[in-house]
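Trainee: I would like a close look at a single part of this chain, set against the chain taken as a whole. Could you begin with the charges and then work towards one helix?

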Amino acid sequence: LRALERYPYGCLEQTTSRALPLLYVADAAVVWGGMGTAPGHKGRIDEAILRLFEMQRPDGGFGLWAPSERADLWLSAYALDFVTRAKAKEYRVPDQAYAAGLRWLDDEVRQGERGKTPDLAGLAYAHYVLAAAGVGNPAETRYFADRAGVRLPTAMASAQLAAALVLRGEPELAGIQFGRAVHKINAREDVDDYGSALRDLAGLVVLAAESERMLKGGGGDWGGRTLAKLVEDLAARQTKIEALSPQEQAWLLMAAAAVGRGGGKMMLTVDGWTGEPQAEPLYLRPSDAQMALGLTYDNAGKSVIWHTATTVGIPLAETPPAAEGFTLTRGFYTLDGRPADLGAVRQNDTLVVLIEGAAPTKIRHRALIVDLLPGGFEIENARLGDARSTAEMAWLPTLSQARHQEYRDDRFVAALDIGEENRAFAVAYLVRAVTPGSYRLPAVHVEDMYKPQYRARTEMGRLTVLPRD
């Protein structure tokens, strides 16, 4: 939850991923407290609902960053899944906008597989959302299962279709589809659904647990695997992954909530003291003295207890450069294209920051470039009418067409789609030196937002701004 809250970019996917788990893990939200600007988790959910509908297109679909973009079927279903769940928990939802979104999903389902490369993952999700909202034609869901059920590209898509079939009153067909989902866990195709094998397994756990309750405890056919076994597999996979995407974080939280309901109570002994048995998570925040002496805790009960250690701090040494799946460089230049001397920048000088890189991998990336500003610099807003624009400087290389750019007080942000035809990228922006002094120069970062193992950062440096004579 804390990692999701600290991811400060507000596209459709990230807004939904930050808010969706709060519907089910409010107890953890209270523990972390103080996240965001809204009072408590309920306020953050209300804010997310309003923010999502700001990105809705006139036809009812949703764009990734703005309503002017083309509609994304999978993401539109994801946003409406969250809104449907929020509405079921009596959150206020704009009825006309919500109905328009469901109509758009229903239209996409009716068009089905007419395209040359149909978005089967998006269509499976759309069937699930329509079923959860109690709208749409059940016959369309059965027909889609017959036509495309065996061809779905991910475990998540198969599980979503299975859950839709449960909601449509087809438990036998759902069992077949859940079995296909289990077999797809290790055979995920490279589809553009913001996911991973870990996200898919977490989604499978959520949907299997929810479907099991809908079947009134009768259990389901989870491909020959018990729900408990799927949870064990999920926990084991999670521990092997160092960096989690927003999708993975959101669905892991959802899975924890889905399987935690109705569980037994745990007993934990901490430094010889045993508290009362409890069914809710226990959060320990040792003091410096306790950490220095060492903290001992034992499982005093009979159930398995999962534990996680989180360390937060400031590195003692500069973070070294790194590259995994990306190359990345950054240069500072004068307006006429000469390399700038960062040891002797004059107050009120304007510089061009040029960031270049490439992704030699053979997969698609939704890349995010983040360049934190050093002290003493401010971004020169190129969107102002009287400001100089990087587009007017002929010496610059051809700049990439960004999906989204932000010029913040403390950073420059650019979101890029990288594929076979554009492995290399270049972005640029203007900065002005405003405050004399000597400053640390942060590294610039690039990462794939949904495959965070692919990332790179430059080395850190120093910057001196001299007073203007």
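Mentor: The chain carries 53 positive and 59 negative side chains, and the centres of these two sets lie 2 Å apart. Please keep in mind throughout that this is a predicted model. About 23400 Å² of the chain is exposed, and 51% of that area is supplied by carbon and sulfur atoms, while 47% of the 469 residues count as buried. As for the fold, the secondary structure comes to 14 helices and 16 strands. The radius of gyration of the chain is 25 Å, close to the 23 Å that the globule rule gives for 469 residues, so the chain is as compact as a globular protein of that length. Its C-alpha trace spans about 80 × 65 × 40 Å along the principal axes, and among the contacts with a separation of 6 or more, 74% are made by residues 24 or more positions apart.

Within this chain, the part to look at closely is helix α6, which runs over residues 95-111 and so has 17 residues. From its first C-alpha to its last, α6 reaches 24 Å, close to the 24 Å expected at 1.5 Å a residue. The buried residues of α6 include the aromatic side chains of Y98 and W104, together with L102, L105 and V109; A97, A100, G101 and D106 are buried as well. Just after α6 comes G112, which takes a positive phi of about 55 degrees.

Key. Residues numbered from 1 in each chain as written. Predicted model: local features only at pLDDT ≥ 70, side-chain atom pairs only at ≥ 80, totals over all residues. Heavy atoms only, no water. Helix = DSSP H or I, 4+ residues; strand = E, 2+ residues; numbered from the N terminus. Rg over C-alpha atoms; globule rule 2.2 N^0.38 Å. Buried < 20%, exposed > 50% of the residue type's maximum accessible area, 1.4 Å probe, protein only. Contact = heavy atoms within 4.5 Å. Areas by Shrake-Rupley, 256 points an atom, 1.4 Å probe, with all protein chains shown as cover. Lys, Arg positive; Asp, Glu negative; His and termini not counted. Charge placed at Lys NZ, Arg CZ, Asp CG, Glu CD. Expected span 1.5 Å × (residues − 1).
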